[in-house]
Amino acid sequence: MRILIVDDSAMMRAMIKRVIKLADVPVDAILEASNGAEGLELLQKHDVQLLLTDINMPVMTGAEMLREISMNERWRGLSRVIISTDGSTVRREEAADLDVRCYLEKPFSPEVLRDVLNELADNEVAETD
Amino acid sequence: MSSTNLPTTKLPKLTDAEAATAMFEAVRAVAEQSFFAVAEPGDDRTFHAAAAKVPRWLVATVRFEQGPIAGAVSCTLPENLANGLFDAFTGRDPGEPTPVSTLVHDLVGEFSNMVCGAWLTRVESGRTFTLSHPSVEPAVTPGHAGDMRLVAAIDDLPVAVDLRLRPAQA
């Protein structure tokens with residue numbers, strides 16, 4: 001599985017990477033971007049199965065990036081997870097419209113993210129079978 | 001504890017006692033869940049006594065905006081607490097080389113971002129706010145209170161969280 005992490009905090013990306021490595025998830029590569037525009041660029045170049053993205057970022061927000069993704073047939077099978085401080089009901093409803101599979105609110109413990117990753121990996125295997 | 005910059009219908013909800021309680025709950029949630037640290041409520045006297053022993057601070061500010069509501073949340077932490085939070089967040093062994101200041105600043109910015117977002121979710125969950133990328137500055141004093149100041153202790157070290165309200169940009 002190739003995973004793309006999009007967050008404007010280098011430390012948050014590093015923490016997510018660390019949790020991915022601790023999770024029981026088969027990982028081929030972990031890609032990183034610091035905003036939505038960089039994220040889209042990486043998605044164009046690489047075959048990514050799981051996207052973990054923040055919302056509030058400079059240049060292009062996570063919501064804007066997810067809107068672009070939802071309009072492109074190429075990324076129909078991409079699993080999308082939001083990891084954001086924005087826990088508003090408005091944002092959660094918007095995420096549901098953008099085919100987001102999980103909305104993880106910051107702050108979260110590493111164990112919560114690990115469980116989300118394991119569940120997504122299990123679903124991926126089940127869908128493949 | 002008051003401001004005249006915003007419509008009065010909006011101000012009470014962001015600066016009243018309930019909002020202050022929500023701010024502490026946000027700080028506690030961030031400290032405990034993401035940094036494995038203990039946050040306790042504080043008072044001005046204890047804060048100033050502890051603050052007098054702190055040589056260097058970091059001030060991380062996140063601006064927020066949604067329609068007529070705009071402002072900024074600043075978290076002011078002692079530099080040694082920032083380094084401790086860095087170790088907790090990254091799993092860095094204290095024997096490893098000291099992290100460069102840009103990474104510590106990034107982490108304190110993320111701390112402030114989480115506090116601001118968690119607080120706004122608690123006080124205005126029906127609105128979605130735009131948050132700025134955090135700015136982080138060193139300081140030699142913990143500065144002055146804005147429209148609302150919360151003082152607390154994280155791992156027994158003094159922390160101040162200031163809320164400043166301003167009119168939204170046209």
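A residue counts as buried if 20 or more other C-beta atoms lie within 10 Å of its own. The views below show a predicted model.

**View 1. Chain B and its buried residues.** Buried residues make up 44% of the 170 residues in chain B. The C-alpha atoms of this chain fill a box of roughly 50 × 30 × 25 Å, taken along the principal axes. Contacts in chain B often link distant parts of the sequence: of those with a separation of 6 or more, 72% join residues 24 or more positions apart.

**View 2. Helices and strands of chain B.** Chain B holds five helices and seven strands. Followed along the sequence, their pattern is α-α-β-α-β-β-α-α-β-β-β-β. The radius of gyration of chain B is 16 Å, and the globule rule gives 15 Å for 170 residues, so chain B is as compact as a globular protein of that length.

**View 3. Confidence along chain B.** The average pLDDT of chain B is 88. A score of at least 70 is reached by 90% of the residues. Residues 1-12 of chain B are another matter: pLDDT stays under 50 there. For this stretch the model has 20 contacts beyond four places in sequence. The model as a whole scores ipTM 0.87 and pTM 0.89.

**View 4. Where chain A meets chain B.** Here 21 residues of chain A are in contact with 26 residues of chain B. On the chain A side, helix 1 (10-22) and helix 4 (89-97) each supply at least two residues. Helix 1 of chain A gives the largest share of that side, six residues. By type, the chain A residues that touch chain B divide into nine nonpolar, seven polar and five charged.

**View 5. Helix 1 of chain A against helix 5 of chain B.** Helix 5 of chain B spans residues 101-123. Its axis and that of helix 1 of chain A come within 7 Å. How do the two helices lie, parallel or perpendicular? The axes cross at roughly 85°. Angles of 65 to 115 degrees count as roughly perpendicular, and therefore helix 1 of chain A is roughly perpendicular to helix 5 of chain B.

**View 6. Residues at the helix crossing.** Which residues make the contact between helix 1 of chain A and helix 5 of chain B? Helix 1 of chain A brings A10(A), M11(A) and M12(A). Helix 5 of chain B brings L103(B), D106(B), L107(B) and E110(B). Five residues of this contact are nonpolar, none is polar and two are charged. The charged pair is D106(B) and E110(B), both on helix 5 of chain B.

Conventions. Residues are numbered from 1 along each chain as its sequence is written. Chains are lettered from A and ligands numbered from 1 in the order in which they are written. This is a predicted model: local features need pLDDT of at least 70, side-chain atom pairs count only at pLDDT 80 or more; totals for chains, interfaces and linings use all residues. Two residues are in contact if their C-beta atoms, placed from the backbone, lie within 7 Å. Helices (H or I, at least four residues) and strands (E, at least two) are DSSP runs, numbered from the N terminus. The radius of gyration is taken over C-alpha atoms; the globule rule is 2.2 Å times the number of residues to the power 0.38. A residue is buried if 20 or more other C-beta atoms lie within 10 Å of its own, exposed if 12 or fewer, and partly exposed in between; C-beta atoms are placed from the backbone. pLDDT is the predictor's confidence in each residue, from 0 to 100. Axes are lines fitted to C-alpha atoms, for helices over the stretch in contact, and angles run from 0 to 180 degrees between N-to-C directions. Angles under 35 degrees count as roughly parallel, over 145 as roughly antiparallel, 65 to 115 as roughly perpendicular and the rest as oblique.
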